[in-house]
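Grab your viewer and work through these exercises one at a time. Each task comes with a solution that goes step by step.

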Amino acid sequence: MKYKVLELLESSREFLSGEEVSRKLGISRSAVWKHINSLKKMGYSIVSVPSKGYKIEYAPDKINPEKVNIASGGQLYFFEKTSSTNYEAKVAENVPDRSVFLAETQTEGRGRLGRKWSSPKGTGVFMSIYLKPNIPPAKVSALTLVAGLAVQRAIGTSTIKWPNDVLLGSRKVAGVLTEMSAEIDRVNYVVVGIGVNVNTETFNIDLIRKATSLYLETGKKWSREAVVNNILSEFWQIYDEFLSGDFAKIRREYMRVCATLRREVCIKKGEESIVARAVDVTENGELVVEKDGKRFPVNSGEVSVRGLLGYV
Ligand code: BTN
């Protein structure tokens, strides 16, 4: 209801009286007052003038869960603060297919290969999409490319470092962490975690050379809500194509924007590492590399591929 009050205030340029808000939303005047106070605690500056009512003076860049475009059948799980949306999605019970877990901040955001994902409040998009696709487990790595492509499309002008690091220039702006629960021949669920650095102004010393944000690249602040909705609408479109079996088209588009192809890559597996040339992406989303005239696929789960780009 708090967000309905917010929507109403946002839709009006003039003062709105408490009575009007209470009448339009069918709630008591004291409930309106409580919601206004809670919005103020969230960082909204709302002026209240006794004979006129309420008016928003300043709205922080908050994601309004009521405005997130959820696919039909799915549910939104929204957190002001949580450990990790991927974790929440994995432990939640009776989650409908195509649900979205979204947080304003994560205290233990996780990246691929056991890395951390920095998730300061109000700066980025931290969300996980919960899916129950009727596909064999081997196809899930192709699904992970679907997510990378959805983010790439939503951001525009970006490229993808295989499997799904989204780059602007030579720095990483977004990443995807896909996790699944499966049996030998059946997927129970897949959680596609997406992190985007949107309005991040600065990164710590470890990240500064390799990470960037939409703000740092474009010089303007972005609406995180719009970024969420753009990613979701691209994702549902590509995901439906994927489920209908049309991965060939997705693969073609992916290969066009994949910055890893036609480059030398260093494949690290444990202590060993070899340098080979990335030449193709398979129907299952694996990267095919060529070394001494021999081609072989590499799998994202087992190896760390470091393209010899500026970004590592
Ligand atoms: C990577 O590039 O290493 C993947 C980063 C994925 C980060 C997102 S943020 C939302 C979701 N929750 C997590 O803990 N991780 C993913």
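**Exercise 1.** Is tyrosine 189 buried or exposed? Work out how its ring sits against the ring of tyrosine 130.

*Solution.* Remember that you're looking at a predicted model.
- Step 1: tyrosine 189 has a relative accessibility of 16%. Buried means under 20%, so tyrosine 189 counts as buried.
- Step 2: do the same for tyrosine 130, which has a relative accessible area of 6% and is buried.
- Step 3: now the geometry. A pair of aromatic rings is described by the distance of the centres and the angle of the planes. For tyrosine 130 and tyrosine 189, the centres are 5.3 Å apart and the planes are at 20 degrees, so the pair is stacked.
- Step 4: place the pair on the chain. Tyrosine 130 belongs to strand β5 and tyrosine 189 to strand β9, with their positions 59 residues apart, so to speak: the pair links distant parts of the chain.

**Exercise 2.** How are the rings of tyrosine 239 and phenylalanine 242 arranged, and where do these residues lie?

*Solution.*
- Step 1: the ring centres of tyrosine 239 and phenylalanine 242 are 6.5 Å apart, with the planes at 20 degrees. Planes under 30 degrees apart count as stacked, so that's the label for this pair.
- Step 2: both residues sit in helix α7 (residues 224–243), and being 3 residues apart, they're separated by about one helical turn.
- Step 3: check burial. Tyrosine 239 comes out at 0% relative accessibility, so it counts as buried; phenylalanine 242 is buried too, at 7%.
- Step 4: zoom out. Tyrosine 239 and phenylalanine 242 are part of one aromatic cluster, together with Phe235, Trp236 and Phe247. Over the whole structure, a search turns up 9 aromatic pairs.

**Exercise 3.** Which rings have lysine 220 and lysine 221 over them?

*Solution.*
- Step 1: lysine 220 lies over the face of tryptophan 222, 4.1 Å from the ring centre.
- Step 2: lysine 221 puts its charged end over the ring of tyrosine 215, at 4.6 Å from the centre.

**Exercise 4.** Which residues come nearest to the ligand, and what is the shell around the ligand made of?

*Solution.*
- Step 1: there are 20 residues around the ligand, and Ser84, Gln106, Arg110, Arg112 and Lys172 come nearest.
- Step 2: go through the polar distances. A side-chain N or O atom of serine 84 is 2.8 Å from an oxygen atom of the ligand. With arginine 110 and arginine 112, look at the backbone: an N or O atom of arginine 110 is 2.7 Å from a ligand nitrogen, and one of arginine 112 is 2.6 Å from a ligand oxygen.
- Step 3: check the cover. On its own the ligand has 420 Å² of accessible area, and the protein covers 99% of that.
- Step 4: sort the shell residues, which gives 6 nonpolar, 10 polar and 4 charged. By element, β8 gives the most, with 4 residues.

**Exercise 5.** Where do the unusual backbone angles turn up: what is omega between tryptophan 162 and proline 163, and what is phi at arginine 98?

*Solution.*
- Step 1: omega is about 5 degrees, and the peptide bond joining tryptophan 162 and proline 163 is cis. Proline 163 lies in the loop between β6 and β7.
- Step 2: arginine 98 isn't a glycine, yet its phi is positive, about 70 degrees. Arginine 98 sits in the loop between α4 and β4.

Note on methods: Residues numbered from 1 in each chain as written. Predicted model: local features only at pLDDT ≥ 70, side-chain atom pairs only at ≥ 80, totals over all residues. Heavy atoms only, no water. Near = heavy atom within 4 Å. Polar contact = N/O pair within 3.5 Å; in protein donor to acceptor, adjacent residues only side chain to side chain. Areas by Shrake-Rupley, 256 points an atom, 1.4 Å probe, with all protein chains shown as cover. Helix = DSSP H or I, 4+ residues; strand = E, 2+ residues; numbered from the N terminus. Nonpolar A, V, L, I, M, F, W, Y, C, P; charged D, E, K, R; others polar. Phe/Tyr/Trp six-rings, centres within 6.5 Å; stacked < 30°, edge-to-face > 60°. Buried < 20%, exposed > 50% of the residue type's maximum accessible area, 1.4 Å probe, protein only. Lys NZ or Arg CZ within 6 Å of the ring centre and 35° of its normal.
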